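Work through the exercises below with the structure in view. Try each task before reading its solution.

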Amino acid sequence: MDDEYSKFVRRMNPPRVVIDNDTCEDATVIQVDSVNKHGILLDVVQVLAEVDLIITKAYISSDGVWFMDVFNVIDQNGKKIRDQDIINYIQMRLESNASFVPSMRDSVGVMPSEEYTSIELSGTDRPGLLSEVCAVLADLHCNVVNAEIWTHNARAAAVVHVTDDSTGCAIKDLNHLATIKELLCNVLRGNSELKAAKMTLATPGVTNRDRRLHQLMFADRDYEKVERAELKRIEDKGSRPQVTALDCSQKDYTVVTMRSKDRPKLLFDIICTLTDMQYVVFHGMVNTGRMEAYQEFYIRHVDGLPISSEAERERVVQCLEAAIERRASEGLELQLCTDDRVGLLSDITRIFRENSLCIKRAEISTKGGKAVDTFYVTDVTGNTVDPKIIDSVRRQIGQTVLQVKLNPSPPPKAPQGTTMGYLFGNLFKARSFQNFKLIRSYS
């Protein structure tokens, strides 16, 4: 009865989205008002991430039965959002009651659809793993149309969309799918019997691909510390995220604060992890500078209780650090653009492997018959690649086909210490709260 009543309340109070290009001088302001429900913050942030918007500031309030958030956003060029198609898409998605948060699946699977077959992989990372996976797919006449691969803390996860080379569509043959499963599981296992990969045939998935990668790595416990020689290299501690989880006994919350290098989809990655860990953000703020992002959230578990033990607090901190680091651009960025063909990815990754390049993250896509791929690579020890090796790789692949993108200068070292109480303190001063006046004007 409570569930039916909640549905009735949502039908009587549909979400409302206001997109304003006049109030703020340098950003588009998006205000979302809705009846509160678990997962709604992720729904909103996911839609903004899908259209590649950058969130520069955000104010979150969902204490009680109402959800009311304000986001300052810009496009990839640092401009306000003027494209009416994007504006219409945001309003259509957020004002619809159709969105929901699907349950997390623990197993790795091959999910068929009409256009392509989606293959999900997770296992122990090692040099040459992606090359071996691509070689198996090419031998089985599978064409990779797009994919995303993450590695973190000695673990690897990938979502790969493939088509049947002969039909150009999804793979329908169950025997063929079974063979793909068997051979890919063998590749993922390698010489290790630990955390052997499991693959299942599932119905078509509806989970956002980036969120699915978070779920795969979270299920594989990539947040746990791993002692391996290649992970012991000297790191710039100033670039590591700083995460704290402290008690706020006056309001019965746990206050989570995060300082890290700013990057696209940072807020989405954090909210994904908090949602899948069954935590609710009741209040929060996001503020980004030229290079650094500061985020502060007042959270409770879905059962209404704050973090109650030191072990739980440590796990939350570790998981949020992992969420921030998984998509971090580790290594040298290489961009490939050439005519697509079957086996192209297998050939490219083989050349990388033969030149001792380790792929830390990759985004694979095909557009209009062109392969447009981005790889982040290091040497096998995790250090910067020798420029002579990059020159050799480019000569083998093609100087104009493979380009090196110059990495930006390293971020300034994050300030030490925490700033607990920033949201309920400095944020409500007049100068810091200027944009939040929108709530009253639109109410």
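**Exercise 1. Describe how β12 and β13 are joined, and follow β13 to its other partner.**

Step 1. β12 and β13 run antiparallel and are joined by 9 bridges; two strands count as paired if DSSP finds at least two bridges between them. Helices (H or I, at least four residues) and strands (E, at least two) are DSSP runs, numbered from the N terminus.

Step 2. Before going on, note the basis: this is a predicted model, in which local features need pLDDT of at least 70, side-chain atom pairs count only at pLDDT 80 or more, and totals for chains, interfaces and linings use all residues. Residues are numbered from 1 along each chain as its sequence is written, and side-chain values use heavy atoms, with hydrogens and water left out.

Step 3. Find the turn: β12 and β13 form a hairpin, with 3 residues between them. Within this pair, Asn287 is opposite Tyr294 in β13.

Step 4. β13 also pairs with β11, in the antiparallel sense, over 8 bridges. Here Val256 stands opposite Phe297 of β13.

Step 5. Why is β13 described as largely enclosed by the rest of the structure? Because 8 of its 10 residues are buried, where buried means under 20% relative accessible area, exposed means over 50%, and partly exposed lies in between (1.4 Å probe, protein chains only).

**Exercise 2. Place these strands in their sheet and identify its edges.**

Step 1. The sheet is open and has 8 strands, in the order β1-β2-β4-β3-β12-β13-β11-β10, with antiparallel pairing.

Step 2. Which strands are at the edges? They are β1 (16-20) and β10, each of which pairs on one side only.

Step 3. From one strand to the next, the twist averages 20°. Axes are lines fitted to C-alpha atoms, for helices over the stretch in contact, and angles run from 0 to 180 degrees between N-to-C directions.

Step 4. At one edge, β1 and β2 (residues 28-35) run antiparallel and are joined by 5 bridges. Ile19 is opposite Ile30 in β2.

Step 5. At the other edge, β10 (residues 242-248) pairs with β11 (residues 253-261) in the antiparallel sense over 7 bridges. Asp247 has Thr254 of β11 as its bridge partner. The hairpin of β10 and β11 has 4 residues between the strands, and in it Asp252 takes a positive phi near 60°.

**Exercise 3. Find two helices that lie across strands of this sheet.**

Step 1. Helix α2 (residues 40-50) lies across β2, β3 (54-61), β4 (66-74) and β12 (279-288). Its direction is at about 20° to β4.

Step 2. Helix α7 (residues 266-276) lies across β3, β4, β11, β12 and β13 (292-301), and runs at about 20° to β13.

**Exercise 4. Compare the surroundings of Ile348 and Gly331.**

Step 1. Ile348 lies in helix α9 (residues 344-354). Ile348 counts as buried because its relative accessibility is 5%.

Step 2. Apart from neighbours within four places in sequence, Ile348 is in contact with Leu336, Phe375 and Ile397; contact means heavy atoms within 4.5 Å. Ile348 and Gln396 are 48 residues apart in sequence, and their C-alpha atoms are 9.4 Å apart in space.

Step 3. Gly331 is in the loop between α8 (310-326) and β14 (332-339). With a relative accessible area of 24%, Gly331 is partly exposed.

Step 4. Gly331 and Phe375 are 44 residues apart in sequence, with 8.9 Å from C-alpha to C-alpha.

**Exercise 5. Describe the largest cavity.**

Step 1. State the rule: on a 1 Å grid over the protein atoms alone, a cavity is a set of points where a 1.4 Å probe fits but cannot get out, and lining residues have an atom within 4 Å of a point.

Step 2. How many cavities of 30 Å³ or more are there? The count is 8.

Step 3. The largest cavity has a volume of about 220 Å³, a volume being the space filled by probe spheres set on the grid points, which are joined across faces, edges and corners.

Step 4. The largest cavity is lined by 24 residues, and the closest to its centre are Asp125, Leu129, Leu130, Ile149 and Ala156. α4 gives the most to this lining, with 4 residues.

How values were computed: On a 1 Å grid over the protein atoms alone, a cavity is a set of points where a 1.4 Å probe fits but cannot get out, and a pocket is an open set with protein on both sides within 12 Å along at least five of seven lines; lining residues have an atom within 4 Å of a point.
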